[in-house]
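Open the model in your viewer and keep the sequence panel beside it. The stops below each begin with something to select.

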Amino acid sequence: QGRASPSFVRLARLVEAGAAHARSCELCLVGTSTCIICVSPVPPLPFEEDFEVCAECSTCYHRSCLRRAGAECPRCFLPR
């Protein structure tokens, strides 16, 4: 049945409810950081598809933002 399966539909609703909670809960947002490329008020969250972490410095980005930046981490690119 795939996506039409009642189990899939229930699970998809639970996942969306959890994601909506995490995006609005102050406690869940502790420790998140703003994407320094787009500076969006919506931080990249690790459970979302649009999430990328720099392997060198562990800075979190929206995957789409990092692609627009040519896959170069701006934080690592800056001279120290």
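Start by selecting Val30, which counts as exposed because its relative accessibility is 62%. Keep in mind that this is a predicted model. Val30 sits in the loop that links α2 (26–29) to β1 (52–53). Now add Cys76 to the selection and draw a distance between the two C-alpha atoms: Val30 and Cys76 are 46 residues apart along the chain, and the separation is 24 Å.

**The whole chain**

Clear the selection and show the chain as a cartoon. Four helices and two strands make up its secondary structure. Reading from the N terminus, the order is α-α-β-β-α-α.

Turn the chain to look along each principal axis. The C-alpha trace spans about 55 × 30 × 20 Å along these axes. How does the radius of gyration of the chain stand against that of a compact globule of 80 residues? The chain has 16 Å, whereas the globule would have a value near 12 Å.

Switch to a surface. The chain exposes about 6,000 Å², and 59% of that area is supplied by carbon and sulfur atoms. Of the 80 residues, 22% are buried. Among contacts with a separation of 6 or more, 26% are between residues 24 or more positions apart.

Next, colour the charged side chains. There are 9 positive and 8 negative ones. The centres of the two sets lie 5 Å apart.

**Helix α1**

Select residues 6–24, which form helix α1, and pick out Val15 within it. Val15 has a relative accessible area of 54%, so it is exposed. Add Phe47, which is 32 residues away from Val15 along the chain. The C-alpha atoms of Val15 and Phe47 are separated by 9.7 Å.

**The loop between the strands**

Move to Ser58, in the loop between β1 and β2 (60–61). Check its backbone angles: Ser58 is not a glycine, yet it has a positive phi of about 65 degrees.

**The cysteines**

Select the cysteines and show their sulfur atoms. How many disulfides are there? The count is zero. Take Cys57 to begin with: it is in no disulfide, and its nearest cysteine sulfur, that of Cys73, is 3.6 Å away. Cys57 counts as partly exposed because its relative accessibility is 25%.

Now pick Cys76, seen earlier as the partner of Val30 in the 24 Å separation. Why does Cys76 have no bond to Cys54? The sulfur of Cys54 is the closest cysteine sulfur to that of Cys76, but it is 3.6 Å away, which is too far for a bond. A disulfide needs the two sulfur atoms within 2.5 Å. Cys76 is partly exposed, with a relative accessible area of 31%.

**Helix α3 and the loop after it**

Select Arg68 in helix α3. Is Arg68 buried or exposed? Its relative accessibility is 60%, so Arg68 counts as exposed. Add Thr32 and draw the distance between the C-alpha atoms: these residues are 36 apart along the chain, and the separation is 21 Å.

End at Ala71, in the loop between α3 (63–68) and α4 (74–77). Ala71 has a positive phi of about 65 degrees although it is not a glycine. With a relative accessibility of 60%, Ala71 counts as exposed.

Methods:
Residues are numbered from 1 along each chain as its sequence is written. This is a predicted model: local features need pLDDT of at least 70, side-chain atom pairs count only at pLDDT 80 or more; totals for chains, interfaces and linings use all residues. Side-chain values use heavy atoms; hydrogens and water are left out. The radius of gyration is taken over C-alpha atoms; the globule rule is 2.2 Å times the number of residues to the power 0.38. Buried means under 20% relative accessible area, exposed over 50%, partly exposed in between (1.4 Å probe, protein chains only). Contact means heavy atoms within 4.5 Å. Accessible areas come from the Shrake-Rupley method with a 1.4 Å probe; for residues, only the protein chains shown count as cover. Lys and Arg count as positive and Asp and Glu as negative; His and the chain ends are not counted. The place of a charge is taken as NZ of Lys, CZ of Arg, CG of Asp or CD of Glu.
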